[in-house]
Amino acid sequence: MVVLKLITKKMSQKILFLIFIFTGLNATAKEKDTVKVGVYINSIYDIKLNEESFSVDFWMWFHCKNDSINSLTAIEFVNAKEFSYMLPFYEKVGNINWSAQKCKAVVKNAYNLENFPFDKQYLKIELEESVFDTTNLVFIADKIGSKYDASLSKSLNGWKISDFSIEAIAHTYNTTYGNPILPGSSSFAEAVVTFVIERESTGLFIKLFTGVYVAFLISLLVFFIKPTDVDPRFGLAVGGIFAAVGNKYIVDSLLPETIKFTLVDIIHNLTFGYILITIIISIISLNLMNRNKPRASKLLDRISFFAVLVSFALINIYFIHRAIQ
């Protein structure tokens with residue numbers, strides 16, 4: 001009987017201990033304030049690839065039950081080069097503090113130009129709490145209320161919107177900013193708005209690469225000139241190289257520097273390589289003529305013309321198709 005009482009007592013203590021832990025965890029969780037964040041995008045403009053930026057005009061709003069939290073003064077535009085807030089608004093609706101303000105900004109944005117001009121870009125707006133860390137405050141994304149203006153699709157000249165989203169995350173920094181309570185890092189609530197835009201690229205591709213393809217076709221004409229006519233035969237090839245180099249300088253001036261090997265680089269370098277091949281074949285053909293083998297020289301030119309043209313076209317189609325996917 002005594003043993004049974006001891007077992008019952010110990011079980012009761014464990015149950016009480018578990019209840020204490022559970023209620024303690026709930027109390028800790030309830031200490032965190034939540035702020036619902038939403039945005040309405042009025043316009044996006046000045047998408048500048050070479051400056052890695054875009055401009056945006058939008059409204060942001062916040063819902064919070066804690067009267068001591070003022071998100072209008074605590075929100076930080078993390079990835080903005082420059083920004084300005086205007087038209088601040090506050091209203092108490094029931095037990096919810098509803099605040100809102102308008103923002104105009106020039107936003108830093110890293111563009112992936114590997115498949116340019118068949119590229120898809122992600123435009124991000126990062127709004128972060130700057131006062132309370134995530135042990136005290138977290139964001140909830142207003143996914144239903146967050147939208148963009150219907151006219152935006154028409155104003156994005158040369159682009160179409162394929163996706164739009166807002167997500168609430170925790171941004172962790174490898175510092176406590178001097179807070180003696182935190183263990184070695186700190187996290188702050190962040191709302192990330194993402195636009196996915198795709199370029200309407202057919203017309204731009206033709207505009208940018210007409211020069212380089214014309215340069216290649218000019219170099220092909222050497223196979224219809226006698227190898228003994230050295231000046232026009234080699235002059236055409238050299239002229240094709242200069243035309244291709246000039247086209248590359250023009251296209252590169254539109255884009256920021258990147259260490260990635262892009263579609264622009266592939267097409268231009270491929271053209272340089274093929275023009276060099278035509279020069280090498282011209283030298284071989286001239287050598288055959290000098291050795292009194294005109295039929296072999298002519299056959300080489302005819303076969304080379306079709307082989308160079310077909311292989312160049314197939315390789316271009318492959319890389320362009322890969323970029324479109």
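Is Asp57 buried or exposed? In this predicted model, Asp57 has a relative accessible area of 10% and is therefore buried, since the cut-off for that class is under 20%. The residue is found in strand E2, which covers residues 53-64. When neighbours within four places in sequence are left aside, the contacts of Asp57 are with Ile41, Asn42, Ser43 and Tyr45, and also with Lys102, Cys103 and Lys104.

The setting for this residue is a protein whose secondary structure comes to 7 helices and 10 strands. The C-alpha trace spans about 120 × 65 × 35 Å along its principal axes, and the radius of gyration is 32 Å, whereas a compact globule of 325 residues would have a value near 20 Å. Of the 325 residues, 39% count as buried. Among contacts between residues at least 6 apart in sequence, 72% join residues that are at least 24 apart.

Among the helices, H5 (residues 230-252) contains 23 residues, which at 1.5 Å a residue should span 33 Å, and its end C-alpha atoms are indeed 33 Å apart. The buried residues in H5 are Arg233, Phe234, Ala237, Gly240, Ala244, Asn247, Lys248 and Val251. An α-helix has 3.6 residues a turn, so residues three or four places apart point the same way. The buried residues of H5 pack against helix H4 (202-220), helix H6 (263-290) and helix H7 (294-324).

Helix H7, with 31 residues, reaches 45 Å from its first C-alpha to its last, close to the 45 Å expected at 1.5 Å a residue. Its buried residues are Ser297, Asp301, Ser304, Phe305, Val308, Phe312, Asn316, Ile320 and Ala323, and what covers them includes H4, H5 and H6.

A link between H5 and H6 can be followed through Asn269, which lies in helix H6, and Lys248, one of the buried residues of H5. The two residues are 21 apart in sequence, and their C-alpha atoms are 9.4 Å apart in space. Asn269 is in contact with Lys248 and Phe261 once neighbours within four places in sequence are left aside. Because its relative accessibility is 34%, Asn269 counts as partly exposed, whereas Lys248 is buried.

Attention then turns to the pockets. The largest pocket has a volume of about 390 Å³ and is lined by 22 residues, of which Phe118, Asp119, Lys120, Gln121 and Glu198 lie nearest its centre. The elements giving two or more residues to this lining are strand E6 (120-129), strand E10 (186-199) and H7, with E6 contributing the largest share, 5 residues. By residue class, the lining of the largest pocket divides into 9 charged, 7 polar and 6 nonpolar residues.

The second largest pocket holds about 300 Å³ of space. Its lining consists of Ile47, Leu49, Asn50, Phe116, Asn157, Gly158, Trp159, Arg199, Glu200, Leu204, Leu254 and Leu255, and these residues divide into 7 nonpolar, 3 polar and 2 charged.

Technical notes
Residues are numbered from 1 along each chain as its sequence is written. This is a predicted model: local features need pLDDT of at least 70, side-chain atom pairs count only at pLDDT 80 or more; totals for chains, interfaces and linings use all residues. Side-chain values use heavy atoms; hydrogens and water are left out. Helices (H or I, at least four residues) and strands (E, at least two) are DSSP runs, numbered from the N terminus. Buried means under 20% relative accessible area, exposed over 50%, partly exposed in between (1.4 Å probe, protein chains only). Contact means heavy atoms within 4.5 Å. The expected span of a helix is 1.5 Å times one less than its number of residues. On a 1 Å grid over the protein atoms alone, a cavity is a set of points where a 1.4 Å probe fits but cannot get out, and a pocket is an open set with protein on both sides within 12 Å along at least five of seven lines; lining residues have an atom within 4 Å of a point. Grid points are joined across faces, edges and corners, and a volume is the space filled by probe spheres set on the points. Ala, Val, Leu, Ile, Met, Phe, Trp, Tyr, Cys and Pro count as nonpolar, Asp, Glu, Lys and Arg as charged, and the others, Gly among them, as polar. The radius of gyration is taken over C-alpha atoms; the globule rule is 2.2 Å times the number of residues to the power 0.38.
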